[in-house]
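Biologist: I should like to discuss this model with you. Shall we go through its helix packing, its core and its confidence in turn?

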Amino acid sequence: MDRYFSCKDIYRMLSGYIDDEIDTMVREIMEEHIKECERCLSLLHTLEKTIVFSRETHRRKKVPERFVKKVYYEIRIRYKR
Ligand SMILES: [Zn+2]
């Protein structure tokens, strides 16, 4: 497996990332990318908003909102340094 992902790879896997459906190793590589890539960070932010909206629309959809917020917060802190 590649140690680095392109922005396209991140984009494809981001929903799985937010739903906590990808393995830890892949997630770590994604986090490495996202914390250094403004484009993917804003993409994650956009996706977070989309999920919140879809939760309001389809109440049965399980989205770990706490997880999303935590991840976004941590990435943002790291990115700002
Ligand atoms: Zn990127």
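Biologist: Is the crossing of α1 and α3 left-handed or right-handed?

Modeller: The model is a predicted one. In it, helix α1 (residues 7-18) packs against helix α3 (residues 38-57) with axes 10 Å apart and an angle of about 35°. The crossing of these helices is right-handed.

Biologist: How many nonpolar residues does the contact of α1 with α3 have?

Modeller: From α1 the contact draws on Cys 7, Ile 10, Tyr 11, Leu 14, Ser 15 and Ile 18, and from α3 on Arg 39, Cys 40, Leu 43, Leu 44, Leu 47 and Ile 51. By class, one residue is charged, one is polar, and the nonpolar ones number ten.

Biologist: Which helix supplies the largest share of the largest nonpolar core?

Modeller: That core consists of eight residues, namely Phe 5, Ile 10, Tyr 17, Ile 18, Met 30, Ile 34, Cys 40 and Leu 44. At least two of them come from each of α1, α2 (24-34) and α3. The largest share, three residues, is that of α1.

Biologist: Why is Glu 48 classed as partly exposed rather than buried?

Modeller: Glu 48 lies in helix α3, and its C-alpha atom is 9.2 Å from that of Ser 15. A buried residue would need 20 or more other C-beta atoms within 10 Å. Glu 48 is partly exposed because the number within 10 Å is 18.

Biologist: In which helix is confidence lowest?

Modeller: The mean pLDDT of the protein is 78, with 72% of residues at 70 or more. Helix α2 has the highest confidence, at 91, whereas the lowest, a mean of 66, belongs to helix α4.

Technical notes:
Residues are numbered from 1 along each chain as its sequence is written. This is a predicted model: local features need pLDDT of at least 70, side-chain atom pairs count only at pLDDT 80 or more; totals for chains, interfaces and linings use all residues. Axes are lines fitted to C-alpha atoms, for helices over the stretch in contact, and angles run from 0 to 180 degrees between N-to-C directions. Helices (H or I, at least four residues) and strands (E, at least two) are DSSP runs, numbered from the N terminus. A crossing is left-handed if the near helix is turned anticlockwise from the far one by less than a right angle, and right-handed if clockwise. Two residues are in contact if their C-beta atoms, placed from the backbone, lie within 7 Å. Ala, Val, Leu, Ile, Met, Phe, Trp, Tyr, Cys and Pro count as nonpolar, Asp, Glu, Lys and Arg as charged, and the others, Gly among them, as polar. A nonpolar core is a set of buried Ala, Val, Leu, Ile, Met, Phe, Trp, Tyr and Cys residues joined through C-beta atoms within 7 Å. A residue is buried if 20 or more other C-beta atoms lie within 10 Å of its own, exposed if 12 or fewer, and partly exposed in between; C-beta atoms are placed from the backbone. pLDDT is the predictor's confidence in each residue, from 0 to 100.
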